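Please open the structure in your viewer and keep the sequence panel beside it, since this tour moves from one selection to the next. Take each stop slowly, and look around before going on.

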Amino acid sequence: MIDTHCHLDGEEFVEDLEAVIARAKEAGVKAIGVPGIDLKSCDSVIDLCRRYPDFCFPMLGLHPEEVRADWREVLQRIKMSLTSHLSPLTSIPSIGEVGLDFYWSREFEEAQLQAFEEQVRWSVEMRLPLMIHCRKAQNEMVTILKRYKDDLSGGVFHCFTGNAIEAQELLQFDRFVLGIGGVLTFKKSKLPETLAEVVPLERIVLETDAPYMAPVPMRGQRNEPAFVAHVCRKLAEVYGVSEETVDNVTTANARRIFGIVNKS
Ligand SMILES: [Zn+2]
């Protein structure tokens, strides 16, 4: 399994990082994608991925909820980090997590739209995959992505929780997949029906979004990458296939998405 979205650089993991990673490996996790959300976390993501170069892969970007009036300067500095890590000696970064989030506030709506579009352009220019966070903003996000549709390098719509129509709208973007995590296992979630109805397993990657969103039966606890196995198990039930099949297919999907640059 590959946990494609895990905030392993967070302070929640400072005290027992080695044990968390050991448990992930024990559970069958082969790699972990670690997204940055602001300048500070982009630095800590790089440090962490240097410590575990064969296991953790970095994503650098400005999260929509971290967009402030100074977003242009912040993006300039993140772009410098991105380009300096394109050297073949370090693992190749993705761009994330980026996107739009109008759930709590529309205070920086215009800045969020511009910052997101700028980072989408980086993805096109640098041929790097995107890790996209989107809440209460799918129409706006799709409008921006459509401008670059034929040139996008692919990526993940992280923490997908929408309905069938929303899923189909996102799947129109070739080379993009849906990131599925703990929400799938929640009792009231409609996601099992939605996925089975319109989303082929070839368009899904696993994620935890740890330390948040712990799956059942760990709900309410600190989430960690080993718990991705619970998402894998639930997906096997949803698609009526073995856990091994879900593991193989979603791992191949993640390698395809994040390995785009490696192969060229
Ligand atoms: Zn996240």
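Before the first selection, one convention is needed: Ala, Val, Leu, Ile, Met, Phe, Trp, Tyr, Cys and Pro count as nonpolar, Asp, Glu, Lys and Arg as charged, and the others, Gly among them, as polar. Keep in mind as well that what you see is a predicted model.

**Stop 1: the cavity.** Select Cys159, Gly181, Gly182, Val183, Glu207, Thr208, Asp209 and Met213, which line the largest cavity. With the convention above, this lining divides into three nonpolar, three polar and two charged residues. The volume of the largest cavity is about 30 Å³, and the count of cavities of 30 Å³ or more comes to one.

**Stop 2: one residue of that lining.** Keep Cys159, which is part of the lining of the largest cavity, and follow the backbone on either side of it. Cys159 is found in the loop between β6 and α6, and its phi is near 55 degrees, a positive value in a residue other than glycine. Most residues other than glycine have a negative phi, and most peptide bonds are trans.

**Stop 3: two cis peptide bonds.** Next, select Gly96 and Glu97, where the peptide bond from the one to the other is cis, with omega near 0 degrees; Glu97 has its place in strand β4, residues 94-101. Then go to Val216 and Pro217, which are also joined by a cis peptide bond, here with omega near 10 degrees. Pro217 lies in the loop between β8 and α8 (228-239).

**Stop 4: the pocket.** Which residues are the closest to the centre of the largest pocket? The pocket itself has a volume of about 1000 Å³, and of the 37 residues that line it, the closest to its centre are His63, Glu97, His133, His158 and Asp209. Glu97 thus brings you back to the cis bond of the previous stop, and Asp209 to the lining of the cavity. Now colour α2 (39-51), β5 (130-135), α5 (138-146) and α6 (164-171), each of which supplies at least two residues of the pocket lining; β5 gives the most, with four residues. By kind, the lining of the pocket divides into 15 nonpolar, 11 polar and 11 charged residues.

**Stop 5: the sheet.** Show the strands as a cartoon, and you can trace an open sheet of eight strands in the order β1-β2-β3-β4-β5-β6-β7-β8, with parallel pairing. Its edge strands are β1 (2-3) and β8 (204-206), each of which pairs on one side only. Within the sheet, three bridges join β5 to the parallel strand β6 (residues 155-157), and Leu130 stands opposite Gly155 in β6. Add α2 to the view: this helix lies across β2 (31-35) and β3 (56-60), running at about 160 degrees to β3.

**Stop 6: confidence.** Finally, colour the chain by pLDDT, which averages 94, with 96% of the residues scoring at least 70. Select residues 260-264, over which pLDDT stays under 50 and for which the model has six contacts beyond four places in sequence. Where pLDDT is low, the predicted coordinates should not be read in detail.

Notes
Residues numbered from 1 in each chain as written. Predicted model: local features only at pLDDT ≥ 70, side-chain atom pairs only at ≥ 80, totals over all residues. Heavy atoms only, no water. 1 Å grid on protein atoms, 1.4 Å probe; cavity = no way out; pocket = protein on both sides within 12 Å on 5 of 7 lines; lining within 4 Å. Points joined across faces, edges and corners; volume = space filled by probe spheres on them. pLDDT = per-residue confidence, 0-100. Contact = heavy atoms within 4.5 Å. Pairing = 2+ DSSP bridges. Axes fitted to C-alpha atoms, helices over the stretch in contact; angles between N-to-C directions.
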